Amino acid sequence: MKVLVTGGAGYIGSITVEQLIKAGEEVIVFDNLYQGHRDAVHPDAIFIHGDLADKAAIEEAIATHKPDGIMHFASYTLVGESMEKPFMYLRDNIVNGLNLIESAVKHGVQRFILSSTANLFDQPERMPIDENERIVPGSPYGESKFILERYLHWMDRLYGMRYACLRYFNACGATEERGEDHDPETHLIPLVLQVALGQREKIVIFGDDYDTPDGTCVRDYIHVVDLAEAHILAMRALADGPSRRYNLGNGRGFSVKQVIETAREVTGHPIPAEVGPRRPGDPAILIASSETIMRELGWRPQYPDLRTIIETAWRWHRAHPDGYEK
Ligand code: UFG
């Protein structure tokens, strides 16, 4: 199988590329390196330094390499930032995604996987959240992903391009060689580990007055290798099966305080924490039900345990205290 991966130099994209190559697949990475890192791209992947805003560039990449499938990771991904920069998120995520989808249809690509998000579920009526939950995007970011999900629905209906939308809950963890390196970093686990590395004085907990057992937000943390595996299973299933949507998490929630406490145990560092105000746009609890992908594709997380997840991240951050070479 030949797979074109947009955003293959980014966190989840680069680790999915690593797993694809391990599984013996051929990979072409298309990335503008705006947020990604050249060093994160697996040496066995073909690398194209290109921007999805440049429609001719993505068309040429698809026409030249004729992939069997596309995995689309390249995107702005921060809920909070999207509340401050709605036009950037709504314009760039949607227009770039559409350039890619249109080129894929034009060149007869049969399979497409979209990185989607738990931010589709801002007001869940049931917890854990399954695929039948009502979609209420929680931010311009979530809305941009929902609109791309809808475009894919029409591409299947009109042109028979099959797709899978994978709605990630909180991606985290690392492999030996690849990990999380955002600039600026905003995610809880890498920030907590920066405190343990002595790069930051403390972690600020965004609110402790939520309606949760300890007052801090509860999230479903899922290891990035388990996410990568879900992409590979979904891509294979699309070869002879219908389009699909899956929520991806471990089905267990951990509070911000529990994450910090676990990181203290893993690192042996006291990790000072202080409570600050809530961050706009944060729902109190997000936990996924991944029963559907387990039942349909036999997906089983290899790293469901929070401690193991943090241990893998800690190993990578200790080995790469400054992240990838800039
Ligand atoms: N948090 C803190 N302090 C920090 C950073 C985070 O208390 O310094 C808290 C947040 O308030 C939240 C939790 O830690 O309750 C996790 O926050 P992250 O920023 O790590 O992750 P998010 O849940 O905000 O967002 C992630 C992805 C999004 C995706 C979303 C889906 O970054 O792309 O999960 O739920 F949309």
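Strand 5 (residues 111-117) and strand 6 run parallel, joined by 7 bridges. This is a predicted model. At one point of that pairing, Thr 117 stands opposite Tyr 168 of strand 6. Between the two strands the chain passes through helix 5 (residues 140-159). The resulting β-α-β crossover is right-handed.

Now stay with strand 6, which spans residues 162-168. Strand 11 (residues 244-248) also pairs with strand 6. Here 5 bridges make the connection, and the two strands run parallel. Tyr 168 appears again: its bridge partner in strand 11 is Leu 248. Strand 6 is mostly covered, with 6 of its 7 residues buried. Cys 165 is buried, at a relative accessible area of 0%.

That cysteine leads to the sulfur chemistry. A disulfide is a covalent bond between the sulfur atoms of two cysteines. How many disulfides does the structure hold? The count is 0. Take Cys 217 as a case. The closest cysteine sulfur to its own belongs to Cys 172, and it lies 16 Å away. The cut-off for a disulfide is 2.5 Å, so the sulfur of Cys 217 is too far from that of Cys 172 for a bond. Cys 217 is also buried, with a relative accessible area of 5%.

Next comes another sheet. Three strands form an open sheet in the order 12-9-14, with mixed pairing. Its edges are strand 12 (254-255) and strand 14 (285-286), each of which pairs on one side only. Strand 9 (residues 218-219) runs parallel to strand 14, and 2 bridges join them. Val 218 stands opposite Ile 285 of strand 14.

Last, consider empty space. Rolling a probe the size of a water molecule over the atoms shows where such space is left. Searching the whole structure turns up 1 cavity of 30 Å³ or more. The volume of the largest cavity is about 40 Å³. Which residues line the largest cavity? They are Tyr 11, Gly 173, Ala 174, Gly 179, Glu 180, Ile 189, Pro 190, Ala 313, Trp 316 and His 317. Two elements, helix 6 (188-196) and helix 10 (306-319), each give two or more residues to this lining. Helix 10 supplies the largest share, 3 residues. By class, the lining has 6 nonpolar, 3 polar and 1 charged residues.

Conventions. Residues numbered from 1 in each chain as written. Predicted model: local features only at pLDDT ≥ 70, side-chain atom pairs only at ≥ 80, totals over all residues. Heavy atoms only, no water. Pairing = 2+ DSSP bridges. Helix = DSSP H or I, 4+ residues; strand = E, 2+ residues; numbered from the N terminus. Buried < 20%, exposed > 50% of the residue type's maximum accessible area, 1.4 Å probe, protein only. Right-handed = clockwise from strand over helix to strand, strands pointing away. 1 Å grid on protein atoms, 1.4 Å probe; cavity = no way out; pocket = protein on both sides within 12 Å on 5 of 7 lines; lining within 4 Å. Points joined across faces, edges and corners; volume = space filled by probe spheres on them. Nonpolar A, V, L, I, M, F, W, Y, C, P; charged D, E, K, R; others polar.
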